[in-house]
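Dear colleague,

I am passing on to you the structure we spoke of, together with my notes on it. Please look through it first; the findings follow below.

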Amino acid sequence: ADKVGLADLTELARLETPDDRTIDVDCVLPDNALVLADQRLFLRAIENLLRNAVRHAGDRVQLVLTDDEDDIRVSVHDDGPGIPEALREKAMTPFVRVEADRSRTSGGVELGLAIVKHIIDAHGQSITMKSSEGEGTTFAFTLQKAR
């Protein structure tokens, strides 16, 4: 992963925070982590996950890449209200907005997560979502390491 590109995306996400809120966007990267991925699509997936996380966060978002032997695990966590269990399946479906049920409302169609899912699927991987009400939501996926 291009460290500069990921750092830029975390900074961009932080800058997009509404004026009335302050959100820390942390980026934790291992040294020399190279993944087999289309760079443009990979960065787009990360950007969409960060934007989604910032939209729902309390005051903190974390992008963490973890070196797991053959793979790199990518996770984006927000400390927001979480997604109610009944709505978790729908969160990855295009044109379904879960926002109203995540304590804050915003306009527009929630396409971001569906795009991320499509990008990760195209890389032969799957994305997982863990959410606990009151504790936030984490989206994670793994990509094969480049040799």
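In this predicted model, V64 stands opposite S75, a residue of β3. The two strands concerned are β2, covering residues 60-68, and β3, covering residues 71-78; they pair in the antiparallel sense over 8 bridges.

That pairing belongs to an open sheet of 5 strands, in which the order is β1-β2-β3-β5-β4 and the pairing is mixed. At its edges lie β1 (24-28) and β4 (128-132), each of which pairs on one side only. From one strand to the next, the twist averages 15°.

You may wish to place the sheet within the whole chain. Its secondary structure amounts to 3 helices and 5 strands, and from the N terminus on the elements follow one another as α-β-α-β-β-α-β-β.

One helix deserves particular mention in relation to the sheet. Helix α2, residues 39-56, lies across β1, β2, β3 and β5 (136-144). Relative to β3, α2 runs at about 25°.

Within helix α2 we find N48. Is this residue buried or exposed? N48 has a relative accessible area of 11%, and because buried means under 20%, N48 counts as buried. Setting aside the neighbours within four places in sequence, the residues in contact with N48 are G112, I115 and V116.

These contacts lead to helix α3, which spans residues 112-122. Which residues of α3 are buried? They are G112, L113, A114, V116, I119 and I120. The cover over the buried residues of α3 includes α2 and β5. G112 and V116 thus appear in both accounts: each is in contact with N48, and each is buried in α3. After α3 comes G124, which has a positive phi, near 75°.

Finally, some values for the chain as a whole. The chain has 147 residues, of which 39% count as buried. It exposes about 8000 Å², with carbon and sulfur atoms supplying 47% of that area. As for contacts between residues at least 6 apart in sequence, 65% of them join residues at least 24 apart.

I would suggest beginning with the pairing of β2 and β3, then turning to helix α2, which lies across β3 among other strands, and ending with helix α3, whose buried residues have α2 as part of their cover.

With kind regards

How values were computed. Residues numbered from 1 in each chain as written. Predicted model: local features only at pLDDT ≥ 70, side-chain atom pairs only at ≥ 80, totals over all residues. Heavy atoms only, no water. Helix = DSSP H or I, 4+ residues; strand = E, 2+ residues; numbered from the N terminus. Buried < 20%, exposed > 50% of the residue type's maximum accessible area, 1.4 Å probe, protein only. Contact = heavy atoms within 4.5 Å. Areas by Shrake-Rupley, 256 points an atom, 1.4 Å probe, with all protein chains shown as cover. Pairing = 2+ DSSP bridges. Axes fitted to C-alpha atoms, helices over the stretch in contact; angles between N-to-C directions.
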